[in-house]
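Me: I'd like to learn how to read a few features off a protein model. Can we go through them together?

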Amino acid sequence: MTTNFTTTQQDSTTTQQSVRQQVLVLYLASSALDSRTVGWSTYDGTGATTPTTGDCDVPPYASGLDALKDGWRLFQAAQLLPPQPGHEYDVSFLKHEFFFEKLVAV
């Protein structure tokens, strides 16, 4: 009995895709992901865009939850630290900082 095997060879010049990271930093009104966005920054590792501070008056997402729903992956949230007694109303950095990423093929 003779068995015939047919093999399929892929072209040796396969195209490889590079993956780049896009980063979205959202500052929210509270530690809850569904609270409103009060500040943001974006960074594009693909080089397709060059966002800069103050280039838009409207946040890219109304909340962190909206970013998750759009496919952004949360990879860091700010540590929750209570204010020191007597400093509850001091103005300082934005405390509720969330970092998101998307991996994009270029």
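Me: Which side chain meets Asp70 in a salt bridge?

Reply: Before we start: this is a predicted model, where local features need pLDDT of at least 70 and side-chain atom pairs count only at pLDDT 80 or more, while totals for chains, interfaces and linings use all residues. Residues are numbered from 1 along each chain as its sequence is written, and side-chain values use heavy atoms, with hydrogens and water left out. Now, a salt bridge is a side-chain nitrogen of Lys or Arg within 4 Å of a carboxyl oxygen of Asp or Glu. Here the partner of Asp70 is Lys102, at 3.8 Å from N to O. Asp70 sits in the loop between helix H1 (64–69) and strand S3 (73–77), and Lys102 in strand S4 (residues 97–105), so their salt bridge ties together parts 32 residues apart in sequence. Those labels come from DSSP runs numbered from the N terminus: helices are H or I with at least four residues, strands E with at least two.

Me: How many salt bridges does the structure hold?

Reply: Two. Arg73 also forms one with Glu101, and their closest N and O atoms are 2.4 Å apart. Arg73 belongs to strand S3 and Glu101 to strand S4, so this pair joins parts 28 residues apart in sequence.

Me: Is Glu101 buried or exposed?

Reply: Go by relative accessible area: under 20% is buried, over 50% is exposed, and in between is partly exposed (1.4 Å probe, protein chains only). Glu101 has 11%, so call it buried. Its partner Arg73, at 46%, counts as partly exposed. In the other bridge, Asp70 is partly exposed at 39%, and so is Lys102 at 22%.

Me: What about aromatic rings: how many pairs does the count come to?

Reply: Rings of Phe, Tyr and Trp (its six-membered ring) pair if their centres lie within 6.5 Å; planes under 30 degrees apart are stacked, over 60 edge-to-face, and the rest tilted. The count comes to one pair. Phe75 and Phe99 have ring centres 6.1 Å apart and planes at 50°, so they're tilted. Phe75 is in strand S3 and Phe99 in strand S4, 24 residues apart.

Me: Last one: which residues is Thr37 in contact with, leaving aside neighbours within four places in sequence?

Reply: Contact means heavy atoms within 4.5 Å. For Thr37 the list includes Leu26, Tyr27, Pro59 and Ser63. Thr37 lies in strand S2 (residues 37–44) and is buried at 9% relative accessibility. Its side chain reaches the backbone nitrogen of Ser63 at 3.5 Å.

Conventions:
A polar contact is a pair of N or O atoms within 3.5 Å; within protein, one must be able to donate a hydrogen and the other to accept it, and residues adjacent in sequence count only if both atoms are side-chain atoms.
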